[in-house]
2 protein chains.
Amino acid sequence: MKIIRTIRALQLWRARQSSRNVHLGFVPTMGAFHAGHQSLMQRARRSCGTVVVSIFVNPLQFGPTEDLDEYPRPRQTDLALCRQAGVDVVFVPSRKDFYPPGFQTSVTVGVLTRPWEGAHRRTHFQGVTTVVAKLLNLVKPHRAFLGQKDYQQCCILNQMVTDLGQGVNMVMCPTIRESDGLALSSRNGYLSSSARRTAPVLYQALNMGASSIREGETSIKRIETVMQAHIRKTSNAKIDYLAVCHTETLEPLNHTRKKMVLLGAVRLGKVRLIDNVIVNTPV
Amino acid sequence: MKIIRTIRALQLWRARQSSRNVHLGFVPTMGAFHAGHQSLMQRARRSCGTVVVSIFVNPLQFGPTEDLDEYPRPRQTDLALCRQAGVDVVFVPSRKDFYPPGFQTSVTVGVLTRPWEGAHRRTHFQGVTTVVAKLLNLVKPHRAFLGQKDYQQCCILNQMVTDLGQGVNMVMCPTIRESDGLALSSRNGYLSSSARRTAPVLYQALNMGASSIREGETSIKRIETVMQAHIRKTSNAKIDYLAVCHTETLEPLNHTRKKMVLLGAVRLGKVRLIDNVIVNTPV
């Protein structure tokens with residue numbers, strides 16, 4: 001496994017690949033790997049001749065009050081997991097190399113970034129689109145693998161790649177969960193033990209919404225009530241949002257459709273959890 | 001010469017080039033070619049194995065009161081000039097193909113876009129960076145050729161390409177001028193015959209500033225006064241700005257440096273002219 005630490009070295013490596021006819025898969029990450037990241041790497045490994053993983057805790061996507069400095073950075077463990085997953089190249093740029101003095105360009109996606117996570121984390125998505133746009137330009141992959149857990153992020157990055165003609169096939173991969181249903185996240189480690197016990201309520205609520213749809217419920221209001229009621233009855237989690245949305249525009253729906261996504265975010269103390277479930281109405 | 005009209009067809013063409021080891025040169029334009037554009041094409045032709053020209057009147061870089069609808073579009077003449085210059089591929093996307101419904105991504109450069117043209121044309125540079133970022137992603141050239149006449153634009157695009165890791169070598173080519181010194185521009189056709197006679201005052205003023213520097217003038221104030229005085233004495237052109245600037249940051253200078261750029265913009269009736277001169281202090 002090759003470890004590349006600078007943009008220059010990555011560009012030189014990439015230029016050498018162009019003459020070979022490789023199918024290049026890419027997994028952009030902030031490190032602190034869990035089984036969700038591993039499943040993205042494995043998926044890339046299965047479908048691509050060469051697999052590149054980037055590890056970069058991107059300062060641009062953290063808000064001023066967020067956990068940039070405390071964000072876990074278990075570098076050696078991360079590299080070992082990459083090796084184990086059969087990754088070919090790990091790109092681990094320094095902050096100074098990636099955003100040198102004078103850096104002043106940003107990539108912004110419009111309406112898709114406004115609701116849900118965008119409303120709660122003002123500058124977050126602009127940080128994500130800027131870093132991923134640059135990573136895709138540097139790595140030039142054929143396919144990039146993203147986790148469904150960050151559903152809105154997947155939609156936004158897909159829109160960016162299309163709008164800017166980056167020509168990368170964005171592949172959304174299933175959310176990996178703990179046995180009690182909690183979606184894996186590098187931030188789950190912040191949960192107190194009592195919050196950890198409560199945490200599965202979000203996924204439970206989304207599943208109850210999905211079940212009610214599958215059983216024929218057509219009132220958006222009642223689907224949302226089912227989800228909200230579960231959270232309120234079973235925990236003191238604070239609901240940021242629980243919504244029935246269009247799978248592509250992410251707009252909240254007034255009427256059920258063939259395919260929908262249920263998006264949710266709750267706060268447990270200082271920790272914010274997000275999750276989602278895609279659901280089809282019964283035929 | 002191949003004429004490509006859709007993004008899809010361009011991507012297919014570009015994918016086929018990857019196996020060949022071509023050096024690809026690109027000239028992004030809005031059409032309405034004059035000798036300035038031709039010199040860019042010729043420069044690309046001399047130094048690159050394959051030359052792509054894009055012709056796209058980009059709505060995003062026009063302000064609401066600007067001349068988008070009236071902007072000249074002599075398509076057949078333009079194509080003939082491309083053919084004559086030995087261009088290999090002309091990319092002429094439709095507005096709807098380039099910015100389909102739902103398009104919502106923009107690329108923004110920061111401080112470099114604020115002064116000078118940015119101050120006079122609020123959304124202009126964001127339109128330029130967005131369209132060029134997309135064109136570079138689609139064409140994937142090794143080198144792109146830009147005219148020095150739009151000096152600030154050259155700096156901004158250079159910054160964007162570096163910041164986003166687009167890996168394109170941006171080549172700034174000399175401004176082509178009429179025999180009386182007026183920089184060629186597709187908008188010169190808007191000048192009334194009397195304004196056309198007055199128009200060379202801008203380049204004259206910049207040259208007088210440059211001469212005073214070469215002759216040892218070190219006061220920025222006096223250099224600017226020389227330039228302003230020429231415009232005021234010889235015409236009723238309205239000065240937007242005339243400034244002695246850092247060649248890379250474009251900041252107005254307090255003291256002369258080894259290398260500087262004199263930037264100017266004047267209005268003649270409804271027509272706005274810009275020009276610039278790079279100058280070195282005497283050794």
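Copies are superposed here by least squares on the C-alpha atoms of residues with pLDDT of at least 70 in both. This is a predicted model, in which local features need pLDDT of at least 70 and side-chain atom pairs count only at pLDDT 80 or more, while totals for chains, interfaces and linings use all residues. Residues are numbered from 1 along each chain as its sequence is written, and chains are lettered from A and ligands numbered from 1 in the order in which they are written.

Start with how the two chains relate. In general, two copies of a chain are related by a rotation about an axis and a shift along it. Here, chain A lands on chain B after a rotation of 180 degrees with 0.0 Å of shift along the axis, at an RMSD of 0.0 Å. That is what a two-fold axis does. The residue of chain A that comes closest to the rotation axis is V107(A), with its C-alpha at 2.3 Å. Both copies use the same surface, since 100% of the contact residues of chain A recur in chain B.

As for the interface itself, 24 residues of chain A are in contact with 24 residues of chain B (contact means C-beta atoms, placed from the backbone, within 7 Å). On the chain A side, α1 (7-19), β5 (105-109), α6 (124-139) and α7 (151-163) each supply at least two residues; helices (H or I, at least four residues) and strands (E, at least two) are DSSP runs, numbered from the N terminus. The biggest giver is β5(A), with five residues. By class, this side of chain A has ten nonpolar, twelve polar and two charged residues, where Ala, Val, Leu, Ile, Met, Phe, Trp, Tyr, Cys and Pro count as nonpolar, Asp, Glu, Lys and Arg as charged, and the others, Gly among them, as polar.

The β5 strands also pair across the chains: five bridges join β5(A) to β5(B) (residues 105-109), and the two run antiparallel. Strands count as paired if DSSP finds at least two bridges between them. Within this pairing, S106(A) has T108(B) as its bridge partner.

Next comes α6(A). Its 16 residues should span 22 Å at 1.5 Å a residue, and its end C-alpha atoms are indeed 22 Å apart; the expected span is 1.5 Å times one less than the number of residues. Most of α6(A) is covered, with 13 of its 16 residues buried. A residue is buried if 20 or more other C-beta atoms lie within 10 Å of its own, exposed if 12 or fewer, and partly exposed in between, with C-beta atoms placed from the backbone. Just after α6(A), K140(A) takes a positive phi of about 50 degrees. K140(A) sits in the loop between α6 and β6 (143-147) of chain A and counts as buried, with 22 C-beta neighbours inside 10 Å.

A32(A) also has a positive phi, about 55 degrees, although it is not a glycine. It lies in the loop between β2 (24-29) and α2 (35-47) of chain A and is partly exposed, with 19 other C-beta atoms within 10 Å.

As for β2(A), six of its six residues are buried. L24(A), F26(A) and P28(A) cover one side, with G25(A), V27(A) and T29(A) on the other. Six bridges join β2(A) to β3(A) (residues 50-55) in a parallel arrangement, and F26(A) stands opposite V52(A).

Technical notes:
Two residues are in contact if their C-beta atoms, placed from the backbone, lie within 7 Å.
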